[in-house]
Amino acid sequence: MPTLTVRRGEGPPRSLSFSGEEQSLLQLLNEANLPVRSGCRGIGACGLCRVRAEGVAATAPTAAERIHLSKGLLQQGVRLACQLRPADNLLIDILNPARRSDWRTPPRAGIEHAQRARPSAPGRAVPAEVQRPCGAAVDLGTTNISISVYDLLGSRWISSRVGLNPQRAFGSDVVSRLSAAAESPEAASELSRQAVRAVGAALWEIATREGLDLRRVVHVELVGNTAMVALLSGRNCQLLLQPRHWTEFIPCEPEETTAWSDAWKIHPRATVEVVPPLAGFVGSDLLAGLVATRLLESHAPALLVDFGTNSEIALWNGEKVWVTSAAGGPAFEGGGISCGLPAEPGAIYRVRPGPEGLATEVLDDAEPRGLCGSGLVDLVAMLVRSGALGRNGRFASSVSGGRWILWRQGERELGVGGPDIDALQRAKAAIGAGIRVLSARSGVRLGELQRVCVGGAFGRYLDVENAQTIGLLPAIPAHRLELCGNTALAGCEDVMLSSSAAAHLGESRGKARLINLATEPLFDDLFLESLYLEPIQAT
């Protein structure tokens, strides 16, 4: 795999591996959060994204580069990052760096934008003065907020960003935030303001980095789990803390959104649509995932697991889709782990057998700073196979101090102990028990599943074999498992761009049957069985 070595200012150089596909250098640098100034969305019109390239059989300068760069600069290796598409090893000096941001450009993975385009565009009105209208799709997650912006006329993707939800200051899980909102009107208002400000910050980041006039944004489509939508709108948060409402539809869409449009600096007559959640803790993010994966467009039995702090599960039996949510906690996204980190630069996301024990892979080839969810799954599977960790989650006596050190440099070290293993066991047991309850209620045996779609940022880097080894996913043939990335955002984009996708979401809502795991007599026993680090048998 080719490597970029990037120098930016006085700091140490960064090494980035890339696939060699047709991505521009600008895209690769943005995904690594090594931004270059740009004001034209990467089309070569501004001439700002200047780099010096060495050690590559570079393509000839493009017409845009010959316009913006003198012959002398081109001879010195100066290029425009948006025009250069590297295929070999490359040494880069960023000559015109942009300010680093809390918002990252997510990698292209899962369900690709162009492949999902549906034929019929929605017939929404566009202000006459806007010649090139844009729309923004928003996935309001418990841990992360993800946004994509599209040119609505051609359904052309412009840019995406993902960043941490600032509401985490009120707690890493939805119940903590709902409790804070119920106990204090001031906290409830602040939780809403934080989400609104975060969406605005992401849009402003796209505007300044991509040269987009936010007044072109005439439509915003938003999905999220029920708690996040309720906290955003400030409506009926307290109902989610009362078990009798957990199987009911809870009205939590906003009654007015003009203030949001003003805060986001988008067109003053923009429409803001918040897709209503299904019921209880099953949100519109899961419905959007059903649209993105097209799970219900075949009669074959299929499963969707959208991993997150509030994980949601859907099982389709060809006639109805049985859905539930499982409070797995933040372990899948690096939360609650002593050395945990979200899937961002510096996170160990792969653990493999190596010549001297276990080898690690780090996002963006940066210095390790922590262990994200997929890396934790890999590590636990490796330890189970080696006998260092029992299927009950207890370390063997040979493991010194009951803690496994994965990485050490000088006085710094990254490792996991008993409480970390326990957090993963409880998270995966909630998912496993939820899957098995839906299997029993729908009449679909796990071995009959023809598709298992894995959604969420955690799923993007997940090793299927390791996930099956510890019982996180059913033990079915690997070719039936699909790592789909952020299905909630992908489905939200579909609904924004296509009336047929919006109709499909409505049909999915009508076919859904909600299961409340808290009232299921099977759940407690299945949860205890699922705590063991062993495969879920697909019987």
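Strands here are DSSP runs of E with at least two residues, numbered from the N terminus. Keep that in mind for E13, which turns up at the pocket stop. One more thing before you start clicking: this is a predicted model.

**Stop 1: the second largest pocket**

Select Phe-281, Asn-310, Ser-325, Ala-326 and Ala-327 to find your way in; of the 25 residues lining the second largest pocket, these lie nearest its centre. The volume of this pocket comes to about 500 Å³. Now colour by element: helix H4 (174-183) and strand E13 (321-326) are the ones that give two or more residues to the lining. Which of them gives the largest share? That is E13, with three residues. If you switch to colouring by residue class, the lining shows 16 nonpolar, eight polar and one charged.

**Stop 2: H4 against H6**

Stay with H4 and add helix H6 (residues 226-233) to the selection. The two helices pack at about 25°, and their axes are 10 Å apart. Angles under 35 degrees count as roughly parallel, so that is the label for H4 and H6. Their crossing is left-handed. For the contact itself, show side chains for Val-174, Arg-177, Leu-178 and Ala-181 on H4, which meet Ala-227, Met-228 and Leu-231 on H6. By class, this contact has six nonpolar residues, no polar ones and one charged.

**Stop 3: H8 against H13**

Next, select helix H8 (residues 284-293) together with helix H13 (residues 487-497). How do their axes run? They come within 7 Å and cross at roughly 75°, and H8 and H13 are therefore roughly perpendicular to each other. On the H8 side, pick Asp-285, Ala-288, Gly-289, Val-291, Ala-292 and Thr-293; on the H13 side, pick Thr-487, Ala-488, Ala-490, Gly-491, Cys-492 and Asp-494. Sorted by class, the H8 and H13 contact holds six nonpolar, four polar and two charged residues.

**Stop 4: H8 against H14**

Keep H8 on screen, hide H13 and bring in helix H14 (residues 499-511). The axes of H8 and H14 come within 9 Å, crossing at roughly 120°. Are they oblique or perpendicular? They are oblique, because angles of 65 to 115 count as roughly perpendicular and roughly 120° lies outside that. H8 passes H14 in a right-handed crossing. To see who touches whom, select Leu-287, Ala-288, Leu-290 and Val-291 in H8, which meet Ala-501, His-504, Leu-505, Ser-508 and Arg-509 in H14. That set divides into six nonpolar, two polar and one charged.

Before you close the viewer, leave Ala-288 and Val-291 highlighted: they are among the H8 residues in the contact with H13, and they also meet H14.

How values were computed: Residues are numbered from 1 along each chain as its sequence is written. This is a predicted model: local features need pLDDT of at least 70, side-chain atom pairs count only at pLDDT 80 or more; totals for chains, interfaces and linings use all residues. Side-chain values use heavy atoms; hydrogens and water are left out. Axes are lines fitted to C-alpha atoms, for helices over the stretch in contact, and angles run from 0 to 180 degrees between N-to-C directions. Helices (H or I, at least four residues) and strands (E, at least two) are DSSP runs, numbered from the N terminus. Angles under 35 degrees count as roughly parallel, over 145 as roughly antiparallel, 65 to 115 as roughly perpendicular and the rest as oblique. A crossing is left-handed if the near helix is turned anticlockwise from the far one by less than a right angle, and right-handed if clockwise. Contact means heavy atoms within 4.5 Å. Ala, Val, Leu, Ile, Met, Phe, Trp, Tyr, Cys and Pro count as nonpolar, Asp, Glu, Lys and Arg as charged, and the others, Gly among them, as polar. On a 1 Å grid over the protein atoms alone, a cavity is a set of points where a 1.4 Å probe fits but cannot get out, and a pocket is an open set with protein on both sides within 12 Å along at least five of seven lines; lining residues have an atom within 4 Å of a point. Grid points are joined across faces, edges and corners, and a volume is the space filled by probe spheres set on the points.
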